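Hi there,

Here is the structure I promised to pass on to you. Have a look at it first, and my notes on what turned up follow below.

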Amino acid sequence: MLVMVVERVLLVLAVALGYVVLCIAKPKHRCGRCSGNGSRAGKRSRSACGRCGATGRSFRPGAQLVHAGLVLVVHTWRERRAGDE
Ligand SMILES: [Zn+2]
């Protein structure tokens, strides 16, 4: 019973880690609102997409959070190294 729970937790952690790696490697993906067009089709006036700013690329959910966390980790690591010397 406990082994099953541990296996599930490890699986969830592995998937989460995989997503974090994906966010670091490819933080942006095709915009979901305009499907990469940069403007919203089907409307009378083709206005620029508000989510991606007409670039057709938007950040993955959590990518900016992952990036902020990475910056924090690198910053802390550098300060610790500077403190040792
Ligand atoms: Zn868009």
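Starting at the N terminus, the elements of this chain come in the order α-β-β-α. That gives 2 helices and 2 strands in total. Please keep in mind that this is a predicted model.

**Overall shape**

How does the radius of gyration of the chain compare with that of a compact globule of 85 residues? The globule would sit near 12 Å, but the chain has 19 Å. Along the principal axes, the C-alpha atoms of the chain fill a box of roughly 60 × 50 × 15 Å. Burial can be put in one number: 7% of the 85 residues in the chain are buried. As for contacts in the chain with a separation of 6 or more, 43% of them are between residues 24 or more positions apart.

**The two helices**

Helix H1 takes in residues 2-25. Its 24 residues, at 1.5 Å a residue, should span 34 Å, and the end C-alpha atoms are indeed 34 Å apart, so expectation and model agree. H1 is hardly covered, with a count of 1 buried residue among its 24.

One residue to look at in helix H1 is Gly18. Is Gly18 buried or exposed? Gly18 is exposed, because only 12 or fewer neighbours are allowed for that class and Gly18 has 10 other C-beta atoms within 10 Å. From Gly18 to Val6 there are 12 residues in sequence and 18 Å in space, C-alpha to C-alpha.

Helix H2 covers residues 63-84. The same check works here: its 22 residues should span 32 Å at 1.5 Å a residue, and the end C-alpha atoms are 32 Å apart, which agrees. H2 is hardly covered as well, and the count of buried residues among its 22 is 0.

Now for how the helices meet. Two packed helices are described by the angle between their axes and the distance between the axes. Here the axes of H1 and H2 come within 9 Å and cross at roughly 85°. That crossing makes H1 roughly perpendicular to H2, because angles from 65 to 115 degrees count as such. Which residues make the contact? On the H1 side they are Val20, Cys23 and Ile24, and on the H2 side Ala63, Val66 and Leu70. By class, this contact of H1 with H2 has 6 nonpolar residues, with no polar and no charged ones.

**The strands**

Strand S1 spans residues 28-30 and strand S2 residues 57-59. His29 belongs to strand S1. With 15 C-beta neighbours inside 10 Å, His29 counts as partly exposed, because that class lies between the limits of 12 for exposed and 20 for buried. His29 and Phe59 are 30 residues apart along the chain, yet their C-alpha atoms are separated by 6.2 Å. Setting aside neighbours within four places in sequence, His29 is in contact with Ser58 and Arg60.

**The loop between the strands**

Three residues in the loop between S1 and S2 caught my eye.

- Ser35 lies in this loop. Its phi is near 50°, a positive value in a residue other than glycine. Ser35 counts as exposed, with 12 C-beta neighbours inside 10 Å.
- Ser47 is in the loop between S1 and S2 too. Ser47 is exposed, having 11 other C-beta atoms within 10 Å. Beyond its neighbours within four places in sequence, Ser47 is in contact with Ser39 and Arg40.
- Ala54 is found in the loop between S1 and S2. Although Ala54 is not a glycine, it has a positive phi of about 65°. Ala54 is partly exposed, with 15 other C-beta atoms within 10 Å. Leaving out neighbours within four places in sequence, its contacts are Gly38, Ser39, Ala48 and Cys49.

How far apart are Ala54 and Val3 in space? They are 49 Å apart, C-alpha to C-alpha, with their positions 51 residues apart in sequence.

If you look at one thing first, I would suggest the place where H1 and H2 cross at roughly 85°. After that, the positive phi values of Ser35 and Ala54 are good places to go.

Best wishes, and happy browsing!

Terms used: Residues numbered from 1 in each chain as written. Predicted model: local features only at pLDDT ≥ 70, side-chain atom pairs only at ≥ 80, totals over all residues. Helix = DSSP H or I, 4+ residues; strand = E, 2+ residues; numbered from the N terminus. Rg over C-alpha atoms; globule rule 2.2 N^0.38 Å. Contact = placed C-beta atoms within 7 Å. Expected span 1.5 Å × (residues − 1). Axes fitted to C-alpha atoms, helices over the stretch in contact; angles between N-to-C directions. Parallel < 35°, antiparallel > 145°, perpendicular 65-115°, else oblique. Nonpolar A, V, L, I, M, F, W, Y, C, P; charged D, E, K, R; others polar.
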